[in-house]
Amino acid sequence: MVMHPTVLGATRKFLCRNSSNIQLNLTQVICIDPGQKAQFLHRDEGAWDWYDHFPVNFHIEVSTIWAMDDFTEENGATRVIPGSHKHNLLPLSFTQADSLAAEMKKGSVLVYTGKTIHGGGENKSKASRRALNIDYCVGWVRQEENQYLSIPIEVAKTFPDDLQRLIGYEMGAASMGYVREFEDPRVALYPEEPFDQKFFIELLEKSSHFSNIAKSVYNYVKK
Ligand SMILES: O=C(O)CCC(=O)C(=O)O
Ligand SMILES: [Fe+2]
């Protein structure tokens with residue numbers, strides 16, 4: 001699920017307009033039981049210290065909610081305020097009445113940015129509403145769920161290469177996440193393999209697409 005090609009491809013394309021890399025932010029199963037009230041309206045990017053100053057057009061997170069049951073207005077389908085990723089108005093200046101229920105069939109996925117105001121709905125039905133919440137973020141913020149502590153290294157070693165990279169065994173930006181003497185964190189999984197320093201130039205090239213500073217450093221290093 002975490003590696004779903006359409007979701008991951010869209011997320012990468014969206015977030016990498018402003019960043020060199022993305023990573024897995026968290027995975028959760030969320031169950032809203034009958035009688036549970038609506039969650040407060042929020043932006044998921046508030047996780048980063050309720051930071052008020054992310055520019056409105058600078059996205060650092062993409063969140064997804066996969067329906068494990070049919071999502072209905074009655075059973076607490078995620079409530080979303082469409083268009084709320086385009087302004088900085090306070091989430092709690094809105095009410096549930098301003099939101100729409102993301103009704104969808106089991107197996108569908110709701111994809112929204114870290115700036116979209118939303119919240120779990122009130123469950124007025126007689127059955128639980130279950131969902132799989134998988135969030136991604138740019139490579140240069142701290143992950144909400146600590147992947148290095150949540151996933152023992154012996155387990156991480158059994159993952160496919162692209163999943164290992166996504167959970168954090170990869171540089172998040174040209175100088176973000178190294179181990180030892182500026183080595184790619186993959187050496188922690190495979191210490192016996194030779195270490196390849198070209199990751200730095202590859203990430204620098206990616207950063208050159210949105211950063212003039214990176215472009216000038218890239219041109220300087222390539223000479
Ligand atoms: O369960 C839901 O519908 C939304 C949950 C959510 O937005 C959150 O926990 O951040
Ligand atoms: Fe949320």
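This briefing covers the metal site, the bound ligand, the salt bridges and two unusual backbone angles of the structure above. The model is predicted. It contains an iron ion (ligand 2) held by two histidines and an aspartate, namely His 42, Asp 44 and His 118. Ligand 1 has nine residues around it, and these three are among them. Nine salt bridges are found in the whole structure.

**Iron site**

- The iron ion (ligand 2) is coordinated through NE2 of His 42, OD of Asp 44 and NE2 of His 118, at 2.1 Å.
- Along the chain, the donors of the iron ion follow the spacing H-x1-D-x73-H.
- His 42 has a relative accessible area of 10% and is therefore buried.
- Asp 44 is also buried, because its relative accessibility is 12%, under the cut-off of 20%.

**Ligand 1**

- The residues around ligand 1 are Ile 30, Gln 39, His 42, Asp 44, Ile 65, Thr 78, His 118, Gly 120 and Arg 129.
- By type, this shell consists of two nonpolar, five polar and two charged residues.
- The side chain of Thr 78 places an N or O atom 2.6 Å from an oxygen atom of ligand 1.
- For the side chain of Arg 129, the corresponding distance to an oxygen atom of ligand 1 is 2.7 Å.
- For the side chain of His 118, an N or O atom lies 2.9 Å from an oxygen atom of ligand 1.
- On its own, ligand 1 has 290 Å² of accessible area, and the protein covers 88% of this.
- His 118 thus appears in two settings: its NE2 atom is a donor to the iron ion, and its side chain has an N or O atom 2.9 Å from an oxygen atom of ligand 1.

**Salt bridges**

- Asp 69 and Arg 130 form a salt bridge through their side chains, with an N to O distance of 2.7 Å.
- This pair links distant parts of the chain, 61 residues apart: Asp 69 is in the loop between β2 and β3 (79–80), and Arg 130 is in strand β7 (residues 129–138).
- Asp 69 is buried, with a relative accessible area of 15%, whereas Arg 130 is partly exposed at 37%.
- A salt bridge also joins the side chains of Glu 73 and Arg 79, at 2.7 Å from N to O.
- In this pair Glu 73 is partly exposed, at 47% relative accessibility, while Arg 79 is buried, at 12%.
- Glu 170 and Arg 165 form another salt bridge, in which the closest N and O atoms are 3.4 Å apart.
- Glu 170 is partly exposed at 23% relative accessibility, and Arg 165 is partly exposed at 27%.
- Arg 165 and Glu 170 belong to a network of salt bridges that also includes Asp 161 and Arg 186.

**Positive phi angles**

- Most residues other than glycine have a negative phi.
- Trp 50, which is not a glycine, has a positive phi of about 50°.
- Trp 50 is found in the loop between β1 (22–32) and β2 (61–67).
- Trp 50 counts as exposed because its relative accessibility is 63%, over the cut-off of 50%.
- Phe 182 also has a positive phi, near 60°.
- The loop between α4 (161–167) and α5 (199–208) holds Phe 182.
- Phe 182 is partly exposed, with a relative accessible area of 25%.

Conventions. Residues are numbered from 1 along each chain as its sequence is written. Chains are lettered from A and ligands numbered from 1 in the order in which they are written. This is a predicted model: local features need pLDDT of at least 70, side-chain atom pairs count only at pLDDT 80 or more; totals for chains, interfaces and linings use all residues. Side-chain values use heavy atoms; hydrogens and water are left out. Helices (H or I, at least four residues) and strands (E, at least two) are DSSP runs, numbered from the N terminus. Buried means under 20% relative accessible area, exposed over 50%, partly exposed in between (1.4 Å probe, protein chains only). A residue is near a molecule or strand if one of its heavy atoms lies within 4 Å of it. A polar contact is a pair of N or O atoms within 3.5 Å; within protein, one must be able to donate a hydrogen and the other to accept it, and residues adjacent in sequence count only if both atoms are side-chain atoms. Accessible areas come from the Shrake-Rupley method with a 1.4 Å probe; for residues, only the protein chains shown count as cover. Ala, Val, Leu, Ile, Met, Phe, Trp, Tyr, Cys and Pro count as nonpolar, Asp, Glu, Lys and Arg as charged, and the others, Gly among them, as polar. Donors are N, O and S atoms within 2.8 Å of the metal (3.2 Å for Na, K and Ca); water is not among the atoms, so sites may look incomplete. A salt bridge is a side-chain nitrogen of Lys or Arg within 4 Å of a carboxyl oxygen of Asp or Glu.
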